[in-house]
Amino acid sequence: MTPLLYSVKMRSSLGGSHGVGGRHISGAERIVPEDGLEEQVIAMLRRARTHERGRADFIQVKVGEIKEKDIMTCPLIPVYQMDTRTKSEGRKAAKKELLRIGVSKAAVESAFRELESLTDSMRGAIVMDAVTGERLDDRAERGVRCSNMDCEDTALYEARMAEKGLGGDHPREALVLASKVAYGPGTVAELCWSDDPDYVTGYVGSKKFGYGRITVMKDMGDPVGGRVFFVEHGTDVARYDDYMQNQVVLVRMGE
Ligand code: WAQ
Ligand code: MG
């Protein structure tokens with residue numbers, strides 16, 4: 001029998017709750033078997049109170065059982081790396097990679113214009129037509145959130161990634177998210193860099209080539225990050241948003 005799975009979600013803020021003056025500090029989510037549930041809740045509380053963006057004073061943790069019939073799986077996209085030394089080198093590499101995947105020049109320029117004009121990080125991602133560069137999300141600070149995904153087998157994942165020197169929370173969360181996004185209905189590519197001030201690595205993801213890790217994509221100390229999901233022309237945004245937000249996806253390790 002497959003063990004019962006639980007979704008554990010945490011979000012934290014400083015100076016009040018989200019929406020009533022609080023500044024977002026961190027969020028995290030895992031899908032864990034019942035025997036790892038309590039340990040996971042504790043790990044998340046700790047993470048919210050030791051985050052480099054600040055020590056959260058408002059923390060929400062949400063736990064829910066997952067029904068087996070609601071679970072989909074997708075493969076972990078393969079990792080490749082582009083070594084860059086500066087923000088401008090990194091962004092140039094990202095643009096080149098997006099064009100190689102098939103995103104139009106207009107859409108690449110539009111995406112960088114949107115992300116580079118942000119003065120504070122959005123909570124979610126911008127959704128953009130990969131042909132016209134038109135922004136398809138509601139243009140609010142929230143954007144489209146990708147949620148309800150994790151590794152199918154965390155121990156196997158950790159073992160494999162440690163071998164490649166890709167251990168840690170940032171790569172795991174980004175790779176799992178990028179895999180779910182890459183397999184989303186209509187996704188062409190994804191562009192991301194972190195909003196954690198000291199985390200300068202970003203990536204360009206796609207089903208076509210995988211997770212193109214770019215070692216430096218912003219200046220040290222910059223707290224503004226962002227994501228863009230490039231989608232096929234004609235993608236149903238409501239359906240896309242529903243997949244990103246609600247579809248439970250477990251990411252399988254390759255051979
Ligand atoms: N769904 C959609 N967009 C999101 C989500 C989500 N669940 N979480 C964050 N974002 C957006 C939001 O605009 C953030 O400001 C931005 O992405 C960056 O999020 O070493 O840490 O969680 O290979 O800060 C990539 C490199 C790290 C990892 C990415 O992103 C590696 C990272 P962060
Ligand atoms: Mg962050």
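Strands here are DSSP runs of E with at least two residues, numbered from the N terminus. With that in hand, welcome to a few close-ups of this predicted model.

**View 1. A nonpolar patch on the surface, with Val63 as one of its members.** Strand β3 spans residues 58-66, and Val63 has its place there. Val63 has a relative accessibility of 43%, and because partly exposed covers the range between 20% and 50%, that is the class it falls in. Val63 joins Leu45 and Val61 in the patch, and together the three offer about 200 Å² of accessible area.

**View 2. Polar contacts between the protein and ligand 1.** Two of the contacts shown use the backbone: an N or O atom of Met122 sits 3.0 Å from a ligand oxygen, while one of Ala125 lies 3.4 Å from a ligand nitrogen. Arg227 takes part through its side chain, where an N or O atom is 3.0 Å from an oxygen atom of ligand 1. Alone, the ligand would expose 700 Å², and the protein buries 90% of that area.

**View 3. The elements that build the shell around ligand 1.** Two or more residues come from each of α5 (169-182), β8 (187-193), β10 (210-214) and β11 (226-231). Helix α5 is the top contributor, with 4 residues.

**View 4. The make-up of the shell around ligand 1.** Which residues come nearest to the ligand? Among the 25 around ligand 1, they are Cys146, Asp195, Tyr199, Tyr211 and Arg213. Sorted by class, the shell holds 12 nonpolar, 7 polar and 6 charged residues.

Terms used:
Residues are numbered from 1 along each chain as its sequence is written. Chains are lettered from A and ligands numbered from 1 in the order in which they are written. This is a predicted model: local features need pLDDT of at least 70, side-chain atom pairs count only at pLDDT 80 or more; totals for chains, interfaces and linings use all residues. Side-chain values use heavy atoms; hydrogens and water are left out. Patches are made of residues with over 30% relative accessible area and no salt bridge: like charges are joined within 9 Å, nonpolar side chains (Val, Leu, Ile, Met, Phe, Trp, Tyr) within 5 Å. Accessible areas come from the Shrake-Rupley method with a 1.4 Å probe; for residues, only the protein chains shown count as cover. A salt bridge is a side-chain nitrogen of Lys or Arg within 4 Å of a carboxyl oxygen of Asp or Glu. Buried means under 20% relative accessible area, exposed over 50%, partly exposed in between (1.4 Å probe, protein chains only). A residue is near a molecule or strand if one of its heavy atoms lies within 4 Å of it. A polar contact is a pair of N or O atoms within 3.5 Å; within protein, one must be able to donate a hydrogen and the other to accept it, and residues adjacent in sequence count only if both atoms are side-chain atoms. Ala, Val, Leu, Ile, Met, Phe, Trp, Tyr, Cys and Pro count as nonpolar, Asp, Glu, Lys and Arg as charged, and the others, Gly among them, as polar.
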